[in-house]
Amino acid sequence: MSHSPTNAPEPGAPDQNPGAATPADSGSVSTDSQAFDELETYLDYQPAAPTATLNSLHQAKVGPLVMVETAFLASTACLIWLVNTYFPPGPILRILFPLPMALVYLRWGGRAAWMSALVSGLLLAVLMGPPRSLLFLMPYAVMGVQLGFLWSRRANWYVAIGLGTIIGTLGFFFRVWLTSILLGEDLWVYLTSQVTQLLSWILDRLIDLGLLGLGVVGEPNLAAVQALAVVMVVLSNIVYLFTVHLAGWLLLERLGAAMPAPPEWVQTLLEE
């Protein structure tokens, strides 16, 4: 019995098993599969981005917006101060002095608020001179940062008005001291004499009405006059801070930076 020869592929004939891998192809397939396994392992076990990196990316995105708003509100505060200095419309614009810095604090935090105060001071120093710039920085710019700090932490009005009154009182005596140096005269003595005249006028009116006798007429005590002057400064700052809170409550919420709600008796008065 004769055996038929093995069928060998003819030259130029198509491969009968195209899916079969040659030794060279099997080596490349194993290398590719190993690379895919390494890539899958890397994707599965790659650690998440740290929180600091995410925060830095967020700050990089909002950085230009913070800079633009800070510069814009600083220039707004300077413009309000300029208009009130050269074309004073009364106490209306004075109520708005601390609000730009408070708005910056409510929107972007303390660093942006201090930068806004510094930029406004430098701009006013260029436009009006360093003395006028210092008179704005203390107390109004500092007061704006303080109000923004307390409003962002939802402090009640009594605490904010109390601390603001302290800053306003210190700012008043700072202005008296700086102006006295620039003018070469003691303005505190002038203020004391004005309060003395006010006391004398009040005593005369009370005597005319018969509420006091003639025995009280005399020269007012200097210590009492100075104490009354300090009390008047404190009371005027309390009234000023109260009006600033009212203006902030009415304006800031419309700008997307809500502040703490006023006490119930204030809301009742406003509703009536």
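Is Trp151 buried or exposed, and what is its relative accessible area? Trp151 is buried, with a relative accessible area of 1%. Here are some notes to read alongside the model, which is a predicted one.

1. **The overall fold.** The chain has nine helices and zero strands, and along the sequence it reads α-α-α-α-α-α-α-α-α. Of its 272 residues, 30% are buried. Among contacts with a separation of 6 or more, 72% are between residues 24 or more positions apart. The accessible surface comes to about 17700 Å², and carbon and sulfur atoms account for 67% of that area.

2. **Trp151 and its neighbours.** Trp151 belongs to helix H5. Leaving aside residues up to four places away in sequence, Trp151 touches Leu99, Ala102, Leu106, Ala160, His245, Leu252, Met259 and Pro260. With one of these, His245, there is also a polar contact: the two side chains are joined at 3.3 Å. Have a look at Ala258 while you are there, since its C-alpha atom is 8.4 Å from that of Trp151 although the two residues are 107 apart along the chain.

3. **Helix H8.** Does the length of H8 make sense, or what span should its 30 residues have? At 1.5 Å a residue, H8 should span 44 Å, and its end C-alpha atoms are 43 Å apart, so the two values agree. The buried residues of H8 are Val225, Ala229, Val233, Asn237, Tyr240, Leu241, Val244, His245, Leu246, Ala247 and Gly248. An α-helix has 3.6 residues a turn, so residues three or four places apart point the same way. You may like to keep that in mind when reading the list. The cover over these buried residues includes H3, H5, H6, H7 and H9.

4. **A tilted ring pair.** The count of aromatic pairs comes to 11. Trp81 and Phe97 have ring centres 5.1 Å apart and planes at 55°; stacked pairs have planes under 30 degrees apart and edge-to-face pairs over 60, so this pair is tilted. The pair links distant parts of the chain, 16 residues apart: Trp81 lies in helix H2 (residues 51-86), while Phe97 lies in the loop between H2 and helix H3 (99-108). Both Trp81 and Phe97 are buried.

5. **A stacked ring pair.** Phe242 and Trp265 also form an aromatic pair, and this one is stacked, with 6.1 Å from centre to centre and 5° between the planes. Here too, distant parts of the chain are linked: Phe242 is in helix H8 (residues 222-251) and Trp265 is in helix H9 (residues 264-271), 23 residues apart. Phe242 counts as partly exposed at 25% relative accessibility, and Trp265 is partly exposed as well, with a relative accessible area of 45%.

6. **The cluster around Tyr240.** Which residues do ring pairs link into a cluster? They are Trp81, Phe97, Phe136, Tyr140 and Tyr240. Tyr240 has a charged partner too: the charged end of Arg94 sits over its ring, 4.4 Å from the centre.

7. **Thr179 and Ser180 in H6.** Thr179 is in helix H6 (residues 157-183), and so is Ser180. Buried means under 20% relative accessible area, so Ser180 is buried at 12%, whereas Thr179 is partly exposed at 23%. The side chain of Thr179 reaches the backbone oxygen of Arg175 at 2.6 Å. The side chain of Ser180 reaches the backbone nitrogen of Leu187 at 3.1 Å. Not counting residues up to four places away in sequence, Ser180 touches Glu185, Asp186 and Leu187. As for Thr179, its C-alpha atom is separated by 8.5 Å from that of Pro131, 48 residues apart along the chain.

8. **Two backbone details to look at.** Where is the cis peptide bond? A cis peptide bond joins Met138 and Pro139, with omega about 20°, and Pro139 is found in helix H5. The other detail is Arg154, which has a positive phi of about 60° although it is not a glycine. Arg154 is in the loop between H5 and H6.

Note on methods
Residues numbered from 1 in each chain as written. Predicted model: local features only at pLDDT ≥ 70, side-chain atom pairs only at ≥ 80, totals over all residues. Heavy atoms only, no water. Phe/Tyr/Trp six-rings, centres within 6.5 Å; stacked < 30°, edge-to-face > 60°. Helix = DSSP H or I, 4+ residues; strand = E, 2+ residues; numbered from the N terminus. Buried < 20%, exposed > 50% of the residue type's maximum accessible area, 1.4 Å probe, protein only. Lys NZ or Arg CZ within 6 Å of the ring centre and 35° of its normal. Polar contact = N/O pair within 3.5 Å; in protein donor to acceptor, adjacent residues only side chain to side chain. Contact = heavy atoms within 4.5 Å. Areas by Shrake-Rupley, 256 points an atom, 1.4 Å probe, with all protein chains shown as cover. Expected span 1.5 Å × (residues − 1).
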